[in-house]
Number of protein chains: 2
Amino acid sequence: MVSIGVQGGVYRQAACLQCPARPRMLCAGMTNELLPALGSIATDVRLDKGETLFYEGDDAKYVYNVKKGYVRLSRLGVDGRRQVMGFLTVGDYMGHTGKSQYAISAEALTDAEVCRFSRSDLESLLSQYPQLERQFHHMTAGLLDDMLDLLFTLGRKNAIERVASFLDNALDRQIQSDEPATQIWLPMTRADIADFLGLTLETVSRAFSRLRKEGIIDIEHAHTIHILQRARLIDIASGDG
Amino acid sequence: MVSIGVQGGVYRQAACLQCPARPRMLCAGMTNELLPALGSIATDVRLDKGETLFYEGDDAKYVYNVKKGYVRLSRLGVDGRRQVMGFLTVGDYMGHTGKSQYAISAEALTDAEVCRFSRSDLESLLSQYPQLERQFHHMTAGLLDDMLDLLFTLGRKNAIERVASFLDNALDRQIQSDEPATQIWLPMTRADIADFLGLTLETVSRAFSRLRKEGIIDIEHAHTIHILQRARLIDIASGDG
DNA sequence: CGCGCGTTTGATCCTCCTCAACGCTGGTGG
DNA sequence: CCACCAGCGTTGAGGAGGATCAAACGCGCG
């Protein structure tokens, strides 16, 4: 059963000390004093696959950190066109905006757990703990850097380069979290990837096939990819292919 | 004569109290106490048209606020492909990144004046004045929102929609600064616009011509555009055209 | 005046989109 | 337990939108 919106999910008081994602969260590096303060305003929310955490246009009351699973951020155009803004996983953060409504929607790609902070609660903490605003700001700046990369990809790369960039990026994040590996798991569909890269799902599928035929990747299942020749993948991604 | 790099330009101590751009700057809303502190670490830099303020890859030592004129932010790919990330003007802010090197280059489109803050100087102020980090963070979040709009445009709009979006946006910013108007001045070339919108200069030029033929805009000179039918422009920009 | 840069317009080409068919897989119900 | 079905992925054929190549024009400037 899938519940809809912020009303959905299972709630419980956050247990920060046991949080496996802490080193990469909003609460990263927080002192013994600040951590409980943060914990007291945090709520764990559990999401079923397919469940929407918030919709574009909703009042932006909360910010979130992903603790487990995958979340997709996207925006919908009037005629149904969709642009996926990112795929989030452990440690990633979302919901922040300069406006009072969310500019994007967030939906769980897999069963997921997120840590929810009310923005008004957070505000009051910010004035007490400048360090927190620091961390907050730092994460926002990191997001901005990521968006610049994506902007270049969407504006100036062709289909095969976009897909190669996507795979290389996915591998990077995999490596950062787990031990170095050549295998990536993609919880999203080809349509999701297409809407992320500004392509159609057919074009994405063809790009995967082409990379496979050229021996650069191996497609174990549609969602499990092995990178066989990372150097060539990077070359293609950067336009040297 | 055009000087190159951060070495270029004419320097002088910032005169914050007389700064015409203050309401929209990093120093917006700063108290009487904080403003002099900020002023003491600020330097005015004057730029000739075409002069580069910083290059992608340079150590990110400063952040900047534009006080006058126009600045173009862009990134260059290995084979010369260029993606323009934005066109900045009075009050806009740049140079901020989560990394230690700039992710983009900044070049003056017109003669310009910017207000320069050393990041290390800023850091020390931040710990004294949390309000400053606040404002800083707020501007970064605003940038992020803008990037999401651009991402949708690059990922999911066709040529005419992109150009219409661009013009509508330019008009919006014009209106926000001056009195409501229907005329926009575009200091950048068609190639700049193309590299911003992920198109070629020819396609941009054709889109302008088509909008003119349909009576939606009037092209006084290549860089002076009149918006004759804003409603239709917005419709086209959002895909209802 | 002539030159160079930026813009416009035209002709052709090619990448990616669209439409369509088919296969695979996992879930559901008979 | 198996048949069926829906959703997702792959592959193919054809077409459209934008890129590329090319030429001419206008304008500012030396």
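A polar contact is a pair of N or O atoms within 3.5 Å; inside protein, one atom must be able to donate a hydrogen and the other to accept it, and residues adjacent in sequence count only if both atoms belong to side chains. Keep that in mind as we look at two DNA strands and two protein chains.

This is a predicted model, in which local features need pLDDT of at least 70 and side-chain atom pairs count only at pLDDT 80 or more, while totals for chains, interfaces and linings use all residues. Residues are numbered from 1 along each chain as its sequence is written, chains are lettered from A and ligands numbered from 1 in the order in which they are written, and side-chain values use heavy atoms, with hydrogens and water left out.

**DNA strand D**

Let us start with DNA strand D, which is surrounded by 18 residues. Here a residue is near a strand if one of its heavy atoms lies within 4 Å of it. The closest residues are A:Arg190, A:Arg206, A:Ser209, B:Ala159 and B:Thr203. Of the atoms of strand D that come within 4 Å of the protein, 61% belong to sugar and phosphate.

One of those closest residues, B:Ala159, has a backbone N or O atom 2.7 Å from a phosphate oxygen of strand D. A:His223 places a polar side-chain atom 3.3 Å from a phosphate oxygen of strand D. A base can take part too: a base oxygen of strand D is 3.0 Å from an N or O atom in the side chain of B:Arg206.

Which element gives the most to the surface near DNA strand D? It is α6(A), with six residues. Helices such as this are DSSP runs (H or I, at least four residues), and strands are runs of E with at least two residues, numbered from the N terminus. Both α6 (201-213) of chain A and α6 (201-213) of chain B supply at least two residues of this surface.

**DNA strand C**

DNA strand C is also surrounded by 18 residues, and the closest are A:Ala159, A:Thr203, B:Ser205, B:Arg206 and B:Ser209. Sugar and phosphate make up 61% of the strand C atoms that come within 4 Å of the protein. The table lists side chains with an N or O atom beside a phosphate oxygen of this strand.

| Side chain | Distance to a phosphate oxygen of DNA strand C |
|---|---|
| A:Thr203 | 2.3 Å |
| B:Ser205 | 2.8 Å |
| B:Ser209 | 2.4 Å |

The elements that give two or more residues to the surface near strand C are α6 of chain A and α6 of chain B. The largest share, six residues, comes from α6(B).

**Where the chains touch**

Now for helix α3 (residues 130-156) of chain A, where we find A:Leu144. Is A:Leu144 buried or exposed? A:Leu144 counts as buried because its relative accessibility is 6%. Buried means under 20% relative accessible area, exposed over 50%, and partly exposed in between (1.4 Å probe, protein chains only). Not counting residues up to four places away in sequence, A:Leu144 touches B:Thr140, B:Leu143, B:Leu144 and B:Met147; contact means heavy atoms within 4.5 Å.

A:Asp145 is in helix α3 of chain A as well. Leaving aside neighbours within four places in sequence, A:Asp145 is in contact with B:Thr97, B:Gly98, B:Lys99 and B:Ala103. The side chains of A:Asp145 and B:Thr97 are joined by a polar contact of 3.0 Å.
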